[in-house]
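Subject: Handover of a structural model

Dear colleague,

Please find below the structure that I am passing on to you. My notes on it follow.

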Amino acid sequence: MRINCMLLALILYNAFGFSQQTYSRTTVRGFSISAGQTTTHIHSLPDSIQIIGNVVIRLGLKGDFGSSSEYADLFLDDETIGTHNGGEECQTSWDYQSWTVPAGQFVSHIIDSEVAVEVRNSSSVNYCSTRYHAVKITFSYNELTPAEVGQKSVVDFPEGGGQLTQHSFLSNYSIDRSGSIDVGIRGDFNSTSEYAEIWIEGDLIGQHDGGSNCAASFDQASFSLSRAALQDYASDGIIDVMIWNSSNANLCQGEHEVFLNAGSIPFWMPCSDCGYSGPYNRGWLVQGHLGQDYPAYPNDSVRAVADGRVYKVEKNFPGFGGLDLPGPVMVIEHIKEDGSHFFAIYGHVSTTLEKDDIVRGNDIIGTVGHYYVDGEDWSHLHFGVWDAPDSFPTTGWGYGSIRDFTDPTPFLNSRYLPWP
Ligand SMILES: [Zn+2]
């Protein structure tokens with residue numbers, strides 16, 4: 001299988017409907033009266049679609065194909081697809097025949113966004129003056145939209161086996177860590193001969209045998225990717241993932257779900273939605289301040305800086321509603337790229353989350369509350385990092401001795417991935 005880069009599936013976290021399209025029709029007219037000719041039909045394909053399911057190639061003949069020794073062979077590049085015996089002697093109407101080709105087989109013949117279909121007449125045909133070949137290609141497709149590394153891509157496929165789906169991810173930052181690809185399949189994959197192959201840009205990454213008969217939920221498998229491989233895949237800014245179902249899988253309509261984690265756990269900024277840029281912007285260790293403040297309006301969204309689990313939620317913790325006033329604060333235990341844990345304090349934040357809730361990076365976890373100083377509302381997010389896997393303190397969260405607190409700004413900046 002040759003994976004071609006022309007079909008760049010840039011897919012958001014969405015399940016797409018698919019639709020049938022008569023993609024392309026070409027006609028070659030008036031080849032010479034002598035027999036044995038080959039005509040070539042070039043079909044151009046746009047980058048904005050993804051072929052799924054089977055491809056139907058229909059060949060129409062007009063001329064002299066009226067006996068068993070008068071036929072035309074159909075080729076996809078140099079691969080024989082079938083033979084068309086149809087047509088009456090010097091007929092003036094089209095005689096049609098169709099062949100079904102799996103999407104993966106069809107895509108393997110695409111070169112520079114074009115696929116070439118060749119029709120070769122047998123030696124005894126075409127002694128008529130009207131001599132046409134018409135080739136029509138029909139397939140189902142998804143419209144494609146961009147996705148980024150760290151986002152999930154879901155593509156559905158129709159009933160039947162041998163489908164190829166594509167998931168491409170933008171990756172325009174340098175990869176400095178190993179990663180993984182998580183693949184979920186839903187459909188009919190419930191025997192050893194029913195499986196999906198996972199390919200990344202020409203490399204077979206692995207095989208996924210999971211999934212119950214016509215399962216309604218995804219069956220997940222994870223595959224590790226080395227830093228060197230990811231750097232290679234990402235060198236052109238796009239990482240292409242293709243999933244190829246075995247020929248007898250997917251007697252049900254189903255979906256492939258792909259999450260590409262290239263460069264390990266992505267980190268995000270906690271107050272990227274905060275609208276206010278005003279004065280309350282107290283930094284690390286200013287008057288013993290154990291974090292970084294982000295100016296914000298009340299009710300601005302606060303986002304998780306990484307994947308994690310809610311460790312503590314306090315509605316009225318001393319000092320988090322203002323100077324000497326109680327207020328809301330939450331603590332999340334996050335995961336670092338090496339698998340170790342740290343704790344982040346999101347101060348002055350109201351949340352509906354509860355202890356042990358799971359969060360994903362960039363999830364909205366709450367909203368900025370009020371912070372009163374001498375009757376004025378200096379609302380802001382207080383963000384603190386306890387850079388240790390345990391021993392999170394019970395007191396001294398905002399001010400006090402440093403212990404395992406660390407400056408959040410370089411901590412985040414060294415990990416934050418600048419998504420485009
Ligand atoms: Zn603060």
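A residue is called buried here if 20 or more other C-beta atoms lie within 10 Å of its own, and exposed if there are 12 or fewer. By that criterion, buried residues make up 41% of the 420 residues in the protein. Please bear in mind throughout that this is a predicted model.

Confidence and overall make-up

The mean pLDDT is 82, and 85% of the residues reach 70 or more. Residues 1–17 require caution, since pLDDT stays under 50 there. The model nevertheless has 58 contacts beyond four places in sequence for that segment.

As to secondary structure, the protein contains three helices and 29 strands. Of the contacts with a separation of 6 or more, 75% are between residues 24 or more positions apart.

The nonpolar cores

The largest nonpolar core has 54 residues, and Ile51, Ile57, Ile239, Val241 and Leu260 are the members that touch the most others. Strand E3 (residues 49–62) supplies the largest share of this core, with six residues. Both domain 1 (21–142) and domain 2 (147–261) contribute residues, so the core lies between them. A second, separate core comprises 32 residues, among them Cys271, Val331, Val385 and Trp397.

Ile239 deserves a closer look. Leaving out residues up to four places away in sequence, Ile239 touches Val149, Ser168, Phe169, Ser171, Ile200, Tyr233, Ala234, Leu260 and Ala262.

The four-stranded sheet

Strands E11, E16, E13 and E14 form an open sheet in the order E11-E16-E13-E14, with antiparallel pairing. Its edge strands are E11 (164–170) and E14, each of which pairs on one side only. From one strand to the next, the twist averages 20 degrees.

Within this sheet, I examined strand E13 (residues 196–200) in some detail. Its covered face consists of Ala196, Ile198 and Ile200, whereas Glu197 and Trp199 make up the uncovered one. E13 runs antiparallel to strand E16 (residues 238–245), to which five bridges join it. Trp199 has Met242 as its bridge partner in E16. With strand E14 (residues 203–208), E13 again pairs in the antiparallel sense, over five bridges. In that pairing, Ala196 stands opposite His208, and the partner of Glu197 is Gln207. The hairpin of E13 and E14 has two residues between the strands, and Glu201 takes a positive phi near 45 degrees in it.

The three-stranded sheet

Another open sheet is built from three strands in the order E19-E25-E23, with antiparallel pairing. Strand E19 (301–303) and strand E23 (349–350) are at the edges, each pairing on one side only. E19 and strand E25 (residues 364–368) run antiparallel and are joined by three bridges. Here Val302 is matched with Gly366 as its bridge partner in E25.

Individual residues

Two non-glycine residues in loops have a positive phi. The first one to consider is His348, with a phi of about 65 degrees. His348 is located in the loop between strand E22 (341–347) and E23. Because 30 C-beta neighbours lie inside 10 Å, His348 counts as buried.

Gln287 is likewise not a glycine and has a positive phi, of about 50 degrees. The loop that holds Gln287 is the one between strand E17 (254–261) and strand E18 (292–295). Gln287 counts as exposed because it has 6 C-beta neighbours inside 10 Å.

Finally, Ile332 lies in strand E21 (residues 325–335). Ile332 counts as buried because it has 27 C-beta neighbours inside 10 Å. Its contacts, apart from neighbours within four places in sequence, are Ala304, Gly308, Arg309, Val310, Tyr311, Ala344, Tyr346 and Val359. In addition, the C-alpha atom of Ile332 is separated by 6.9 Å from that of Lys312, which is 20 residues away along the chain.

With kind regards

Conventions
Residues numbered from 1 in each chain as written. Predicted model: local features only at pLDDT ≥ 70, side-chain atom pairs only at ≥ 80, totals over all residues. Contact = placed C-beta atoms within 7 Å. Pairing = 2+ DSSP bridges. Core = buried A, V, L, I, M, F, W, Y, C linked by C-beta atoms within 7 Å. Domains from an automatic or database assignment. Axes fitted to C-alpha atoms, helices over the stretch in contact; angles between N-to-C directions. pLDDT = per-residue confidence, 0-100.
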